[in-house]
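Hi,

Here is the structure I promised to send over. Have a look at it first, and my notes follow underneath.

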Amino acid sequence: SSLSIPSAENKELRKAVFISTGGAPSQQQFKGTIKVTPHASHHLCFDHDRAGQVYAIHFALTHADLEG
């Protein structure tokens, strides 16, 4: 799948980084992403099914664990 975002129209998106996890992100991928972008505002895009909800929860828990 692909996503088209008009970055030319949104100056904030000019500094954005988009990361593909291949559909099934691991906790190590989450940790690596958070460690190299600790001050970023992370926006997650997962399917709105049970698996996507679980990934979002795992990201939030991983992020909280690395902060505290």
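**What I found**

Of the contacts in the protein chain with a separation of 6 or more, 44% are between residues 24 or more positions apart. Do keep in mind that this is a predicted model.

On the overall make-up: the protein chain has two helices and zero strands. Buried residues account for 12% of its 68 residues. The accessible surface of the chain is about 5700 Å², and carbon and sulfur atoms contribute 53% of that.

Now for H1. Its buried residues are Phe 30, Thr 33 and Ile 34. They sit on the same side of H1, because the arc they cover around the axis is only 95°. And what do the buried residues of H1 pack against? That would be H2. Turn to the face of H1 that points away from the buried side and you'll find the exposed residues Gln 28, Lys 35 and Val 36.

Then the rings. There are two aromatic pairs in the structure. One of them is Phe 30 with Phe 59, an edge-to-face arrangement with 5.2 Å centre to centre and 90° between the planes. This pair joins distant parts of the chain: Phe 30 belongs to helix H1 (residues 27–36) and Phe 59 to helix H2 (residues 50–67), and the two are 29 residues apart. Are these two rings buried or exposed? Phe 30 has a relative accessible area of 5%, so it counts as buried. Phe 59 comes out at 8%, so it is buried as well.

Phe 46 and Tyr 55 make up another aromatic pair, this one tilted, at 5.5 Å centre to centre and with 45° between the planes. The 45° lies between the 30 and 60 degree cut-offs, which is why the pair is called tilted. Phe 46 has 27% relative accessibility, so it goes down as partly exposed.

One more residue to click on is His 63, in helix H2. With a relative accessible area of 17%, His 63 falls under the 20% cut-off and therefore counts as buried. Which residues does His 63 touch, leaving aside those up to four places away in sequence? The answer is Ile 34 and His 42. Ile 34 is one of the buried residues of H1 mentioned above, so this contact fits with the packing of the buried residues of H1 against H2.

If you want a place to start, I'd go with Phe 30: it is buried in H1 and pairs with Phe 59 edge-to-face.

Cheers

Key:
Residues are numbered from 1 along each chain as its sequence is written. This is a predicted model: local features need pLDDT of at least 70, side-chain atom pairs count only at pLDDT 80 or more; totals for chains, interfaces and linings use all residues. Side-chain values use heavy atoms; hydrogens and water are left out. Rings of Phe, Tyr and Trp (its six-membered ring) pair if their centres lie within 6.5 Å; planes under 30 degrees apart count as stacked, over 60 as edge-to-face and the rest as tilted. Helices (H or I, at least four residues) and strands (E, at least two) are DSSP runs, numbered from the N terminus. Buried means under 20% relative accessible area, exposed over 50%, partly exposed in between (1.4 Å probe, protein chains only). Contact means heavy atoms within 4.5 Å. The arc is that of the directions from the helix axis to the C-beta atoms. Accessible areas come from the Shrake-Rupley method with a 1.4 Å probe; for residues, only the protein chains shown count as cover.
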